[in-house]
Every structure is written in C-alpha cells, then in structure tokens.
Amino acid sequence: MKYAIGAILGVALFAWLFSVCSPAGVNKTGHEYMPDMYHPVSYEANQYSAYRYNHWEGAEFGQTFSKAQLSQPRAKVNGTIPRGYTGVYYTDASALDIVRGKNAPNAIAAQINGEAPFTYVNTEEDRLKCEKAITLNPYPITKEGLDRAKPLYEIYCGVCHGTTGNGLGVLVSVPDAKYPAAPKNLLGDDMIGSGNGRYYFAMVYGKNVMGGYTDKISYEERWQIIHYIRSLQAKSKNLEYSEKSNSLSNIEKPAKGEATGPVRVSPAALVPAPAAPTGK
Ligand code: HEC
C-alpha cells in the first residue's frame, strides 16, 4: 500500500511537472524541460532560432515563423558595412528621407540600416551605365552642404583637379611636377554636361592613375562634393549654383529655389515591367 501511494504520488508529480511545460507566446517565455537539448543556442550566421522570436519550434506550438523565415542571414555586427555598400551619415530626420531616395527617384537610396548599395562594377561599360542611371543628386543644394564640401574637395580632389576645378592642381602645376597623367579638367563642357553618376563612379573607383575615395569620403560627402564641383563649374560660366538658384542645369534642386538651367542628362528611361504570366 505504502509503495502504491508512493508510486501514484510519483506519477502524479511527473505528470504535473510535464504539465507545467508550456509553449512560449508573444508575451511569455514559456517553460521547457532541458531546453538546450532541443534548440540550438549557438549563433548561426545564416539562421535565426525560434528562441530569438521567443517561440517554440513546430506547428503544434503555434509556431508563426516558417523555416524559410528563420533561415536568413542574421543582422550584421554593429558598426560594420557589408561589401558593396557604403556607410551613410545622417544629419537629421529629413536627411534620412533624402538618403532613402525619397526626393530623388533615381538616386542611390540608402537602406534603413544606414547603408547605400552601389552595384556597378569597375568597367567602362558600367561607368557609362552609372552616368546614365544616376542623374539626380539626392541632396538639395544647401549653403551648409557647399560649405562642408569645400574643404573636402580642396583636400581630396583639388590637389590634382585644381582649387578652381581646372585640372591644374599643385601636384601637376609645380615646376618639376612628376604626376604621370593630366587630371581631368572638371570645368570642361564635357564634364559640365556629364551626369552625376560619372562623378560618383569616379569617387568610388577612381580612373586609371586616380584612385578611389570610398574609404575617405562618406556617402553624403561624395554627393556634397559633387554639388561643390557643380558650383565651381557654374562660377567658371558666370552662372549661379546656390541654395537659391541653379542656372547651370535643370537637374540639382536648390533647397530654396528652382533649377532653371539647361537640360543636362535626361533621366534614364524606366525599365518596363515584365509581362504578366499568361497562366500557362
Ligand atoms: C592624385 C590626383 C587626383 C586626385 C587627388 C583626384 N583625381 Fe580625379 N582624376 C585624376 C586623373 C589623372 C584623372 C584622369 C583619369 C583618366 O582619364 O585617365 C581624373 C579623372 C577624374 C574624373 C573624370 C572621370 C571620367 O569619367 O572621365 C572625375 C569626375 C574626377 N577625377 C573626380 C575627382 C574627385 C571628385 C576627386 C576628389 C574626391 C578626385 N577626382 C581626386 C587625378 C586625381
């Protein structure tokens, strides 16, 4: 009898113990016996565990995430930038809209996680493609932006391309200059007529003896430098390029005025949507 009571109590205790195991819900962690035997707790680079979402695995537990949803690259390490992307720099909330490409449909839009993709590779073919595709500067022309870009241009570009943009920087204009190639005259009509993508591409990859500047100049800085080069071009033609007006081209938008200049590069035609499947 004594044993029978003991056995019944023992079984009841076990039954109770198991009954307190409960699936996790949105607001509760649930209970589980020896959880680490069932779920991998290690970090997998390309997989989220159900734990991350505070859920049990399996439909019987009301699993709301499919295997496909769980099998994704995990969030990257904070402060790192994936290859092919660039870090962006936000000044305020409105700058966020700008880097997301909201005011320039064909600008390089940055993602919410603060990275801007650049998918062109370093070939002549892509240089042309990039020039055609990226016509708008995602940032409006502002005095602040031009002021910020001036020293950047003078440090990183002016030594070769000249403080005024005429291609005669100190590196090539000192008496016994050794620099092997003539830096591009950025004030030439061909450069004035070139799309912004050509400049952006040049800063990413450089060209021949000119190196790339992605490790030195951030996403926004590149675009502000392009504004600054445009302002030098306008100056050389006695035109205005400021936050009030742009008479150099009809492309870059002044923050407080209109772009009234001539057409420069017409935005690339949109790729037509693929035809709807015929139901076969
Ligand atoms: C060390 C010298 C040097 C520096 C610094 C330099 N460049 Fe250049 N850049 C050149 C040379 C040389 C060329 C001509 C390359 C060629 O056509 O072979 C060139 C060409 C260019 C072109 C024309 C590319 C094309 O598509 O034909 C652009 C635009 C340009 N540079 C922008 C910049 C900007 C913006 C900066 C600053 C971030 C900069 N460069 C810094 C030397 C330099």
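Where in the chain is the place of N238? In this predicted model, N238 sits in the loop between α10 and β3. Its backbone deserves a second look: N238 has a positive phi of about 55°, although it is not a glycine. N238 counts as exposed because 7 C-beta neighbours fall inside 10 Å, where 12 or fewer is the limit for that class.

A word on confidence helps before going further. The chain has an average pLDDT of 80, and 68% of the residues score at least 70. Confidence is highest in β3, at 96, and lowest in helix α3 (residues 93-99), where the mean is 62. Where pLDDT is low, the predicted coordinates should not be read in detail. Helix α3 is thus best viewed with its mean of 62 in mind.

The overall layout can be followed along the sequence. The chain holds 10 helices and four strands, arranged in the order α-α-β-α-β-α-α-α-α-α-α-α-β-β. Of its 280 residues, 25% count as buried. Taking the contacts between residues at least 6 apart in sequence, 55% join residues at least 24 apart.

The ligand is a natural place to continue. Around the ligand are 21 residues, and the closest are C157, C160, A202, N208 and M210. Two elements, α6 (158-161) and α9 (196-205), give two or more residues to this shell. Helix α9 makes the largest contribution, with four residues. By residue class, the shell is made up of 15 nonpolar, four charged and two polar residues.

Helix α9 repays a closer look, as it is mostly covered, with nine of its 10 residues buried. The buried set consists of N196, G197, R198, Y199, Y200, F201, A202, M203 and Y205. These buried residues pack against α4 (124-133) and α10. Just after the helix, G206 adopts a positive phi of about 70°.

A little further along comes N208, in the loop between α9 and α10. N208 is among the residues closest to the ligand. Like G206, whose phi is positive, N208 takes a positive phi, here of about 45°, although it is not a glycine. Is N208 buried or exposed? With 7 other C-beta atoms within 10 Å, N208 is exposed, because that count meets the limit of 12 or fewer.

Attention now turns to the interior. In soluble globular proteins, nonpolar side chains tend to be buried together. The largest nonpolar core has 23 residues, of which Y200, I225 and I229 touch the most other members. Helices α5 (143-156), α9 and α10 (219-236) each supply at least two residues of this core. Setting aside neighbours within four places in sequence, I225 is in contact with A149, L152, Y153, C157 and I217. One of these partners, C157, is also among the residues closest to the ligand.

The partner A149 lies in helix α5. A149 counts as buried because it has 23 C-beta neighbours inside 10 Å, against a threshold of 20 or more. Beyond residues up to four places away in sequence, A149 touches Q224, I225, H227 and Y228. A149 and I229 are 80 residues apart along the chain, yet their C-alpha atoms are separated by 9.0 Å.

Two loop residues complete the picture, beginning with T163, which is found in the loop between α6 and α7 (170-173). T163 has 15 C-beta neighbours inside 10 Å and therefore counts as partly exposed. Apart from neighbours within four places in sequence, T163 is in contact with E154 and G158. A C-alpha separation of 9.2 Å is found between T163 and K150, which are 13 residues apart along the chain.

The other loop residue is K253, positioned between β3 (245-246) and β4 (258-259). K253 is partly exposed, because 18 other C-beta atoms lie within 10 Å. Leaving out residues up to four places away in sequence, K253 touches P140, I141 and A259. K253 and Y139 are 114 residues apart in sequence, but 8.0 Å apart in space, C-alpha to C-alpha.

Notes:
Residues numbered from 1 in each chain as written. Near = placed C-beta within 6 Å. Nonpolar A, V, L, I, M, F, W, Y, C, P; charged D, E, K, R; others polar. Core = buried A, V, L, I, M, F, W, Y, C linked by C-beta atoms within 7 Å. Contact = placed C-beta atoms within 7 Å. pLDDT = per-residue confidence, 0-100.
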